[in-house]
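Reader: I want to learn how to read a fold element by element. Where do we begin?

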Amino acid sequence: MVYDVIIIGAGPAGLTAAVYARRAGLSTLILEGTLIGGQAAVTADIENWPGSLRMAGADFAQALWKQAETLGAGLLFSRAEALSVQEGGFQIKAANGLLEARTVILAPGAKRRKLGVPGEESLAGKGVSWCAVCDGAFFQGKDVAVVGGGSTALEDALFLARLCPRVWLVHRREAFRGEARLIRQVEKTGSIQRRMNSTVRAILGDHQVQGLRIDGPEGELDLPVQGVFVAVGLEPDNLPFSPPVELDQWGYIKAGEDCRTNVPGLFAAGDCRTRDLRQLVTAAADGAMAAKQAEEWLNH
């Protein structure tokens, strides 16, 4: 089957694109390699969605997928490995076969960046995690550390403070870069111990995390923790699509507010593309725009 549009990624941008594509009557398939909802699905509480004071990230993701599914969008759990232009559209190489579409919307989002220090890879799943909401319950009653200084790191620290007696929050700068309200909450939470101007040197432990070695104003110091949660930003996951898609120097897809890439009929939406602000509302806006552009492209 040749779909009118294949959407790569089932995050907020991809799911919104599916809703708008189906409302336009386009045959639509969503291709997702990991989980529905992207970063939103592993966020404890969403407080910046218009019209909603607070909702669980998993609930938000499921509601958005249910809407797309009800409208008739298909979903295939398979990672997109490559994309090529062919006559009349595109061919996508997925983990379990080849797919064809007349237009494609790229919405793979971004993945958690790693620290690149000794112990991070060898202790992954043994105390090292990149998702506090996913794995926090395993550390109830234990001391843990969160590495990072943006909103995600602050949210992770606050979430873990509900479960853990002590949370070390390690940041390499002098001041946090997250939202002011989150900074205020962190400062008011006594169980969160801040270590500023500190760089992680290693994650310690043989078969399980036993500590975190940092280098800060007091020199090298080992923090006695049983869990380390890494929240040092995101990086795009766009290499499978370049070429033919053009990327900027940071690996984001070059696309403007119309979501058009350098390849006719190929669009980019959400955190994967060049933009100044990456939020749920901007991802949803991109998804709607990309679907509209795909509809116009098919009808031109």
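**Reading the fold**

Author: We begin with a helix pair. H5 passes H6 in a left-handed crossing. Keep in mind that this is a predicted model.

Reader: How should I describe such a pair?

Author: Two packed helices are described by the angle between their axes and the distance between the axes. Now the case here. Helix H5 covers residues 151-161 and helix H6 covers residues 180-188. Their axes come within 10 Å and cross at roughly 35 degrees.

Reader: Which residues of H5 and H6 meet?

Author: From H5, take Ser-151, Leu-154, Glu-155 and Leu-158. Facing them in H6 are Arg-181, Leu-182, Ile-183, Gln-185 and Val-186. By type, the contact of H5 with H6 divides into 5 nonpolar, 2 polar and 2 charged residues.

Reader: Next, strands. Is strand E2 buried or exposed?

Author: Check each residue against the cut-off: buried means under 20% relative accessible area. Strand E2, residues 28-32, has 5 of its 5 residues buried, so the rest of the structure largely encloses it. Then look at the directions of the side chains. Thr-28, Ile-30 and Glu-32 point one way from E2. Leu-29 and Leu-31 point the other way, and all are buried.

Reader: Which strands pair with E2?

Author: Strand E1, residues 2-8, is joined to E2 by 4 bridges, and the two run parallel. Ile-6 has Leu-29 in E2 as its bridge partner. Strand E5, residues 74-77, also pairs with E2 in the parallel sense, over 4 bridges. There Ile-30 stands opposite Leu-75 in E5.

Reader: What unit do E1, helix H1 and E2 make?

Author: Follow the chain from strand to helix to strand. E1, helix H1 (residues 12-23) and E2 make a β-α-β unit, and the unit is right-handed.

Reader: Pick one residue of H1 for me. What does it contact?

Author: Take Thr-16, which lies in helix H1. Thr-16 has a relative accessible area of 9%, so it is buried. Its contacts, leaving aside neighbours within four places in sequence, are Leu-64, Ala-284, Gly-287 and Ala-288. Look at Ala-284. It is 268 residues from Thr-16 in sequence, yet the C-alpha to C-alpha separation is 5.6 Å.

Reader: Now whole sheets. In what order do the 5 strands of the open parallel sheet stand?

Author: Read across the sheet, not along the chain. The order is E10-E17-E11-E12-E13, and the pairing is parallel. Next, find the edges. Strand E10 (128-129) and strand E13 (192-195) each have a single partner strand, so one side of each is left without a neighbour in the sheet.

Reader: And how does E13 pair with E12?

Author: Strand E12, residues 167-170, pairs with E13 in the parallel sense over 4 bridges. In this pair, Val-167 stands opposite Ile-192 in E13.

Reader: Which strands form the antiparallel sheet?

Author: Here 3 strands form an open sheet, in the order E14-E15-E16, with antiparallel pairing. Strand E14 (199-204) and strand E16 (219-223) stand at its edges. Each has a single partner strand, so one side of each has no neighbour in the sheet. The twist averages 20 degrees from one strand to the next.

Reader: How many bridges join E15 to E16?

Author: Strand E15, residues 211-216, is joined to E16 by 5 bridges, and they run antiparallel. One partnership links Gly-216 to Gly-219 in E16.

Technical notes:
Residues are numbered from 1 along each chain as its sequence is written. This is a predicted model: local features need pLDDT of at least 70, side-chain atom pairs count only at pLDDT 80 or more; totals for chains, interfaces and linings use all residues. Side-chain values use heavy atoms; hydrogens and water are left out. Axes are lines fitted to C-alpha atoms, for helices over the stretch in contact, and angles run from 0 to 180 degrees between N-to-C directions. A crossing is left-handed if the near helix is turned anticlockwise from the far one by less than a right angle, and right-handed if clockwise. Contact means heavy atoms within 4.5 Å. Ala, Val, Leu, Ile, Met, Phe, Trp, Tyr, Cys and Pro count as nonpolar, Asp, Glu, Lys and Arg as charged, and the others, Gly among them, as polar. Buried means under 20% relative accessible area, exposed over 50%, partly exposed in between (1.4 Å probe, protein chains only). Two strands pair if DSSP finds at least two bridges between them. A crossover is right-handed if, with the strands pointing away from the viewer, the path from the first strand over the helix to the second runs clockwise.
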